[in-house]
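Colleague: Please take a close look at the largest pocket of this model, and tell me how its lining is made up and how it sits within the chain as a whole. I would like one connected account that I can follow with the structure open beside me.

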Amino acid sequence: MGLLHDITGAMSGEGVNIAGSRTDLEDNGLVAITLNLQLSSLQQLSKMFSRLEGVRGIKSVTRIDEFQL
């Protein structure tokens with residue numbers, strides 16, 4: 001409960017815009033959240049990874065190529 005709120009709060013705190021999102025329920029009961037972010041630099045991306053990895057309930061954070069979607 002509240003995971004999406006915590007994620008968007010982390011983004012907002014860093015001034016990152018969420019351009020799009022998708023949420024999928026996986027067979028194992030976990031939820032996969034895919035976010036399209038507008039970032040200003042690789043440094044900002046690295047900072048966001050660290051912030052997201054610190055959010056309770058997040059198991060992993062990965063970067064995917066837009067062509068994998």
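**The largest pocket and its surroundings**

Modeller: Sorted by class, the residues that line the largest pocket are 18 nonpolar, five polar and five charged. Please keep in mind throughout that this is a predicted model, and that each value I quote is computed from it.

The space in this pocket comes to about 1,100 Å³. There are 28 residues in the lining, and those closest to the centre of the pocket are Ile 33, Thr 34, Leu 35, Val 61 and Thr 62. Three elements each give two or more residues to the lining, namely helix H1 (3-13), strand S2 (31-38) and helix H2 (42-53). Of the elements, S2 gives the most, with seven residues.

To place these elements, it helps to step back to the fold. The protein has two helices and two strands, and the order along the sequence is α-β-β-α. Among contacts between residues at least 6 apart in sequence, 43% join residues that are at least 24 apart.

From helix H1, a useful residue to follow is Ile 7. Ile 7 counts as buried because its relative accessibility is 5%, and the cut-off for buried is under 20%. Leaving aside residues up to four places away in sequence, Ile 7 touches Ile 33, Leu 35, Leu 52 and Ile 58. Two of these partners, Ile 33 and Leu 35, are among the residues closest to the centre of the pocket. Ile 7 can also be set against Glu 53, which is 46 residues away in sequence, while the two C-alpha atoms are 10.0 Å apart in space.

Other parts of the chain give a contrast in exposure. Leu 25 belongs to strand S1, which covers residues 17-25. Although a leucine is in the nonpolar class, Leu 25 counts as exposed because its relative accessibility is 67%, and the cut-off for exposed is over 50%. Beyond residues up to four places away in sequence, Leu 25 touches Leu 30 and Val 31.

Leu 30 also offers a way to locate Lys 59, since the two are 29 residues apart in sequence and 9.4 Å apart from C-alpha to C-alpha. Lys 59 sits in the segment after H2, and with a relative accessible area of 70% it is exposed. In the loop between S2 and H2 you will find Ser 40, which likewise counts as exposed, at 65% relative accessibility. Ser 40 is 28 residues from Ser 12 in sequence, and their C-alpha atoms are 14 Å apart in space.

Turning to the protein as a whole, 19% of the 69 residues count as buried, and Ile 7 is one that does. The exposed surface is about 5,400 Å², of which carbon and sulfur atoms supply 48%. The C-alpha trace spans about 35 × 30 × 15 Å along its principal axes. A compact globule of 69 residues would have a radius of gyration near 11 Å, and the 12 Å found for this protein agrees with that.

To return to your request, the lining draws on H1, S2 and H2 for two or more residues each, and 18 of its residues are nonpolar.

Terms used: Residues numbered from 1 in each chain as written. Predicted model: local features only at pLDDT ≥ 70, side-chain atom pairs only at ≥ 80, totals over all residues. Heavy atoms only, no water. 1 Å grid on protein atoms, 1.4 Å probe; cavity = no way out; pocket = protein on both sides within 12 Å on 5 of 7 lines; lining within 4 Å. Points joined across faces, edges and corners; volume = space filled by probe spheres on them. Helix = DSSP H or I, 4+ residues; strand = E, 2+ residues; numbered from the N terminus. Rg over C-alpha atoms; globule rule 2.2 N^0.38 Å. Buried < 20%, exposed > 50% of the residue type's maximum accessible area, 1.4 Å probe, protein only. Contact = heavy atoms within 4.5 Å. Areas by Shrake-Rupley, 256 points an atom, 1.4 Å probe, with all protein chains shown as cover.
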